[in-house]
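Work through the exercises below with the structure open beside you. Try each task before reading its solution.

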Amino acid sequence: MAHNYQSPDVQEVADVVGDSLGLRREAVNVKADIIVFCGVHFQAETIKLSSPKKKVLLPDKNARCPMADMIRPDDLKALQARHPEAVTLCYVNSSAETKALCDYCCTSDNVLNIARDMMTRHKEIIFVPDKHLAQYVSAQVRHHFITWEGCCPVHDKISLENIVELKNKHPRARVIVHPECKPSVTAVADVVTSTEGMSRHVSTSGHREFIIGTETSIIHRLKKENPDKIFYMASEKAICEDMKKITPEKILHSLENLSYEITLSPEIMEKARRCIEEMPY
Ligand code: CIZ
Ligand code: SF4
């Protein structure tokens, strides 16, 4: 299984390519008892949480998400202690240890529905770790969240200037960006959505040209699905080095040696699963 941000050579050897939510759904339904997961550590953990009986392998154990690592379990415990009435929603980009402390989990694809649903039952909501995603959701659903100072260093490289420059060159292009981008970028986009949302939108849109604001490797999939459409990367610098740690050679090594297996303590497994299972898919 490969995440949408994997390099084209990895996407090409994968049986399935998708986002966290789609891959989780696939992992639950697939018959295979071993899953080689090509992505970063928290994603492989999420697959293990959803399919505890399957062996989940991450071809490079150092492929981690810097944003997920921006909040430690102790930080979250301290934040929760300051807001004892609040419930906690975590973005899927968080470690299993962090998820074990949370009540709900969301991805960029289902975040608005989950936030709206939570708001019907809870007044105070802590949303960690992505401050940009929290700000975007807050504006959409008109609710104040208690947030954390995390953000994705890759999406942070995409600037308003990048978008303006490309829009001037290609005035007919639709601007589609990920909600992990800065608020100044999401504010001017035509569409703000997850990578799966981008794929759905481009396939059904009557437009031909698109400016895409997310990790650059998504272009491989978008071009493959829409050979007649034209894509411009908002920033060529938006490359996630951790995603790129997975290579076809490491996948082969992983298959031959059954490495590196994702293991979780029974306590983390039980608590983090509860938060994941609240998430519809
Ligand atoms: O949920 C995911 O897979 C991430 C991190 C990005 C996206 O929007 O697909
Ligand atoms: Fe984490 Fe950003 Fe890389 Fe996604 S693109 S894995 S959020 S650092």
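A cavity is a set of grid points where a 1.4 Å probe fits but cannot get out. The model used here is predicted.

**Exercise 1.** Find how many cavities of 30 Å³ or more the structure holds, and describe the largest cavity.

Solution.
Step 1. The count of cavities of 30 Å³ or more is three.
Step 2. The largest cavity has a volume of about 260 Å³.
Step 3. Its lining consists of 26 residues, and those closest to the centre are His3, Tyr5, Gln43, Asn93 and Glu180.
Step 4. Helices H2 and H3 each give at least two residues to this lining.
Step 5. Sorted by class, the lining of the largest cavity has 14 nonpolar, nine polar and three charged residues.

**Exercise 2.** Describe how H2 and H3 meet.

Solution.
Step 1. Locate helix H2 at residues 20-29 and helix H3 at residues 41-50.
Step 2. The axes of H2 and H3 come within 9 Å and cross at roughly 35°.
Step 3. The crossing of these two helices is right-handed.
Step 4. On the H2 side the contact has Ser20, Leu23, Arg24, Ala27 and Val28, and on the H3 side Phe42, Gln43, Ile47 and Ser50.
Step 5. By class, the contact of H2 with H3 has five nonpolar, three polar and one charged residues.
Step 6. Gln43 of H3 thus appears in this contact, and Gln43 is also among the residues closest to the centre of the largest cavity.

**Exercise 3.** Decide whether H10 and H11 are roughly parallel or roughly antiparallel to each other.

Solution.
Step 1. Helix H10 covers residues 195-204 and helix H11 covers residues 218-225; they pack at an angle of about 25°, with axes 10 Å apart.
Step 2. Angles under 35 degrees count as roughly parallel.
Step 3. H10 and H11 are therefore roughly parallel to each other.
Step 4. The crossing of H10 and H11 is right-handed.
Step 5. H10 contributes Thr195, Glu196, Met198, Ser199, Val202 and Ser203 to the contact, while H11 contributes Ile218, Arg221, Leu222 and Glu225.
Step 6. By class, this contact has four nonpolar, three polar and three charged residues.

**Exercise 4.** Work out how H6 and H7 are placed with respect to each other.

Solution.
Step 1. Helix H6 (residues 111-119) packs against helix H7 (residues 131-141) at an angle of about 60°, with the axes 10 Å apart.
Step 2. That angle makes H6 oblique to H7.
Step 3. The two helices cross in a right-handed way.
Step 4. From H6 the contact takes Val111, Leu112, Ala115, Arg116 and Met119; from H7 it takes Leu133, Tyr136, Val137, Gln140 and Val141.
Step 5. By class, the contact of H6 with H7 has eight nonpolar, one polar and one charged residues.

**Exercise 5.** State which residues line the largest pocket and which element gives the largest share.

Solution.
Step 1. The volume of the largest pocket is about 310 Å³.
Step 2. Among its 15 lining residues, Met1, Ala14, Asp15, Ile35 and Val36 are the closest to the centre.
Step 3. Two or more lining residues come from each of helix H1 (8-13), strand S3 (34-36) and helix H12 (248-257).
Step 4. S3 gives the largest share, three residues.
Step 5. By class, the lining of the largest pocket has 13 nonpolar, no polar and two charged residues.

Terms used:
Residues numbered from 1 in each chain as written. Chains lettered and ligands numbered in written order. Predicted model: local features only at pLDDT ≥ 70, side-chain atom pairs only at ≥ 80, totals over all residues. Heavy atoms only, no water. 1 Å grid on protein atoms, 1.4 Å probe; cavity = no way out; pocket = protein on both sides within 12 Å on 5 of 7 lines; lining within 4 Å. Points joined across faces, edges and corners; volume = space filled by probe spheres on them. Helix = DSSP H or I, 4+ residues; strand = E, 2+ residues; numbered from the N terminus. Nonpolar A, V, L, I, M, F, W, Y, C, P; charged D, E, K, R; others polar. Axes fitted to C-alpha atoms, helices over the stretch in contact; angles between N-to-C directions. Parallel < 35°, antiparallel > 145°, perpendicular 65-115°, else oblique. Left-handed = near helix turned anticlockwise from the far one by under 90°. Contact = heavy atoms within 4.5 Å.
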